[in-house]
Amino acid sequence: MNSTDLTGIGMTSQRTRERLIQRLQEQGISNQKVLDVIRMLPRHIFLDEALSHRAYEDTALPIGFSQTISQPYIVALMTELLLSRGVREKVLEVGTGCGYQAAILAQLVPHVYTVERIKPLLVKAREKFRRLGLRNIVSAHSDGAVGWAQYAPYDGIISTAAPARVPEELLQQLAPDGLLVIPVGPEGDQELRLIQRVGDSSKFVEEVITRVRFVPLLSGVAR
Ligand code: SAH
């Protein structure tokens, strides 16, 4: 990767990126900081060259190992939800994938933790974080269905893979008033939920945001 890769893929890409931001705004994304970070972060570097010309379309795209880079609208929505109730110091992401969502988060919150169960994806994502100079992301090859107890509690948790039911461990690892943004349900038809711990109690309030399609949250790690 050279410096051109980080700045854009030619004159057209700036316009294409601007169109994407416009589209996100039309769809209701209003957090200016979120929009600015999405505008500035090159998405094409997270994709294989054969697909990089489609990087600024508002669509999920394959990243290998039957996984996908999330649709920009969904990344924007989940990030906006996570930041909707005040500052989040420390955030855990379950499902690093290519690293795009983590790279967005790293520019909006001080400390990002992210876990991925497919080793080669994590290795590639770490390379992207290095190239982008993002030093506030701590990552691990592990099963995020059980969260990441070592650094818990978290002010926010984002899951970019969908479990059938919300894992108890993720709820337990939320700090007081912590927020969990997570797709829940069977493959191909899930609801995106925003769950907040009530103070430091073991009570949680839950809101269903919209219907979504995510890859499933699987247990255990792969090589
Ligand atoms: N966050 C990514 C989206 C990746 S898709 C982005 O920004 O585009 C979801 C990812 O979750 C996949 O890479 C998948 O391997 C991973 N995943 C699924 N179950 C997991 C688990 N139990 N622990 C960690 N990662 C998991």
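A charge is taken to sit over a ring if NZ of Lys or CZ of Arg is within 6 Å of the ring centre and within 35 degrees of the ring normal. With that in mind, and remembering that this is a predicted model, select lysine 90 together with tyrosine 154: the charged end of lysine 90 sits over the ring of tyrosine 154, at 5.7 Å from its centre.

Keep tyrosine 154 selected and add Tyr113, Trp148 and Tyr151, since ring pairs link these residues and Tyr154 into a cluster.

Next, turn to the aromatic pairs, of which the count comes to 5. Select phenylalanine 46 and tyrosine 100, whose ring centres are 5.5 Å apart with the planes at 75°, so the pair is edge-to-face. This pair links distant parts of the chain, with phenylalanine 46 in the loop between helix 3 (32-40) and strand 1 (61-64) and tyrosine 100 in helix 5 (residues 100-106), 54 residues apart. Phenylalanine 46 counts as buried because its relative accessibility is 5%, and tyrosine 100 counts as buried at 2%.

Going back to the cluster, display tryptophan 148 with tyrosine 151, which form an edge-to-face aromatic pair at 4.9 Å centre to centre and 85° between the planes. Here tryptophan 148 is buried, with a relative accessible area of 11%, whereas tyrosine 151, at 26% relative accessibility, counts as partly exposed.

Return to tyrosine 100 and add arginine 43, which lies over the face of tyrosine 100 at 5.6 Å from the ring centre.

Finally, select helix 4 (residues 72-82), which is mostly covered, with 11 of its 11 residues buried; among them are Pro72, Tyr73, Met78, Glu80 and Leu82.

Definitions and conventions: Residues numbered from 1 in each chain as written. Predicted model: local features only at pLDDT ≥ 70, side-chain atom pairs only at ≥ 80, totals over all residues. Heavy atoms only, no water. Buried < 20%, exposed > 50% of the residue type's maximum accessible area, 1.4 Å probe, protein only. Helix = DSSP H or I, 4+ residues; strand = E, 2+ residues; numbered from the N terminus. Phe/Tyr/Trp six-rings, centres within 6.5 Å; stacked < 30°, edge-to-face > 60°.
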